[in-house]
Amino acid sequence: MFYLLSTVILVFSVMTITTPKVLRSAVYLLFVLIATAGLYFLLNYEFLAAVQITLYAGGIVVLIIFSILLTSHISHKLARPAPWKLWSAAISLIVGIPLVLWIILNHTFQQSANEVPVDMKLIGTQLLGTGKNGYVLPFELISILLLASMIVAIVIAKKDKEDKQHN
Amino acid sequence: MILEIYSFSSLTEAIDTALNNSMAPWLATLTELVIIGIVFLSFYALLGLFLVYLERKVCAVMQNRIGPNRVGKWGLLQTIADLIKLLMKELIPIKNADQFLFNLAPYIVIAASFMAMAALPFAKGLQAIDLNVGLFYIMAVSSLGVVGILIAGWSSNSKYSLVGAMRSGAQIISYELSVGLSLLSIVIFTGSLQLSDIVASQADGWWIFKGHIPAFFAFVIYLVAGTAEINRGPFDLAEAESELTAGFHTEYSGIKFAFFFLAEYINMFIVAAVAATVFFGGWMPLHIGNWQGFNAVMDYIPSIIWFFGKTFFIIYLIMWFKWTFPRLRIDQLLTLEWKYLLPLNLINTVIIAFIVLMGWYF
């Protein structure tokens, strides 16, 4: 099952970046993300799998598709990238793969103590805990960041009333 | 307990042990998966046929007509005849469409509703998979359906389809928030996302009664948002016949059109089934606190009848909506969600959290 999912992830990852049609690329990305959720299910970590599906597959991919729908036409095709971009990508690939393999093979992984599905209540209290390993501070910081970026987006998108009057 | 008589767990366990004794564990698991798949497929098809028939009959009653009455007794075979007609129709290929995505879209919509169905508890001991994040899982996978709709609209290369898909996307994404929040308010009561726990917590009364007025309020919001989520009237802007021909599935023909149609009805069933499970106790019979005699009498009705009774009652409510209210405009639709439902829902959730903290519920 693991090999099946990994094959799906690998094949569709390659297809995502090689297809010349932008919406197909988004759909292949969707398949990659769903297969990743499948890996989490395989690990018995159902909460993370459901989060993966809601956030990435249901949220981010839908937003990407939405923006493609608004901006691009069906006959539109992406141009091939410039040669120097291809070459630099190839070089970083050749350097990157041995580096990542070396790190993974040399790292000793500690087996997790609990193999049973993680309790939802534990996740909840940990997420909003203020003690050791509590995540309430990062949680609030991210909320402020999101709020700020949302306000910026609205300010940019808002039509200026005075401008309208001049026209 | 009498409830045990109607439990399906003895049947499913018997099948499980029989399979495990006769073959290797991995083969037994595979066989079980195949059996469950076949059961769900046939259930899906039969349910789709029946719901379409029901819709036509309910619509006819609302409009003072008789409805289908020629094919079979009371017109019961009408939808089967329709299905045969759809199967034999020509699939018209679209010249300038993106063929791969055009053909893929119906399957994404169907697969999303299938995945959601897997976690529903149909009766005592009759549930394909009992995830510990069951309710969250159903919400997550049912949000995948919108991808299929968006792709269908875009790849058809037609402006009716594109406008329909855009409307549908905006609508589903906005109303998902309200659906999630209203379900969350009941999760606050139960303290668990596992569907079997949610059903078990209603053994002494359903949440719609136990949760006072806020629970009823959450149910009303869920019903409105759920109806919008499945693109049904009065929120059927995505396929408004008078302005968009048929919205995102204008260019589809034959059995591919039928897939969209079927998925829409199954999604209605899922919305109703989730409402029945969360607010009306799922397969749990009507129990009132400590009235032992009354509870025992209610237990004699099998749990599967309770579940389908409640679900079809809610389906009837949704159909009633559709044939009673006029269609909303897109700006009215978004105003309703963002300016009324969402703030009210947030306030309602806070009130429920307060009630739970103070222990003011039964």
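**How helix α7 of chain B packs**

In this predicted model, α7(B) and α10(B) pass each other in a left-handed crossing. Counting up the residues of that contact gives 12 nonpolar, 5 polar and 2 charged.

Let's look at the geometry. Two packed helices are described by the angle between their axes and the distance between the axes. Here α7(B) covers residues 159-190 and α10(B) covers residues 212-229; they pack at about 155°, with axes 8 Å apart. That angle makes the two helices roughly antiparallel, because anything over 145 degrees counts that way. On the α7(B) side, the contact includes B:Ile172, B:Tyr175, B:Val179 and B:Leu183, while the α10(B) side includes B:Ala218, B:Ile221, B:Tyr222 and B:Ala225.

Now follow α7(B) across to chain A. Helix α3(A), residues 46-71, packs against α7(B) at about 150°, and the axes are 11 Å apart. This pair is therefore roughly antiparallel too, and its crossing is left-handed. From chain A come A:Val62, A:Phe66 and A:Leu69, which meet B:Leu162, B:Ala165, B:Met166, B:Gly169 and B:Ile173. That contact splits into 7 nonpolar residues, 1 polar and no charged.

Back to α10(B), which has another role to play in the picture: along with α2 and α12 of chain B, α10(B) is among the elements that cover the buried residues of α14(B). Those buried residues include B:Trp306, B:Phe307, B:Ile314, B:Ile315 and B:Ile318, and also B:Lys310. As for its length, α14(B) has 22 residues (303-324), so at 1.5 Å a residue it should span 32 Å, and its end C-alpha atoms are indeed 32 Å apart.

Definitions and conventions:
Residues are numbered from 1 along each chain as its sequence is written. Chains are lettered from A and ligands numbered from 1 in the order in which they are written. This is a predicted model: local features need pLDDT of at least 70, side-chain atom pairs count only at pLDDT 80 or more; totals for chains, interfaces and linings use all residues. Axes are lines fitted to C-alpha atoms, for helices over the stretch in contact, and angles run from 0 to 180 degrees between N-to-C directions. Helices (H or I, at least four residues) and strands (E, at least two) are DSSP runs, numbered from the N terminus. Angles under 35 degrees count as roughly parallel, over 145 as roughly antiparallel, 65 to 115 as roughly perpendicular and the rest as oblique. A crossing is left-handed if the near helix is turned anticlockwise from the far one by less than a right angle, and right-handed if clockwise. Two residues are in contact if their C-beta atoms, placed from the backbone, lie within 7 Å. Ala, Val, Leu, Ile, Met, Phe, Trp, Tyr, Cys and Pro count as nonpolar, Asp, Glu, Lys and Arg as charged, and the others, Gly among them, as polar. The expected span of a helix is 1.5 Å times one less than its number of residues. A residue is buried if 20 or more other C-beta atoms lie within 10 Å of its own, exposed if 12 or fewer, and partly exposed in between; C-beta atoms are placed from the backbone.
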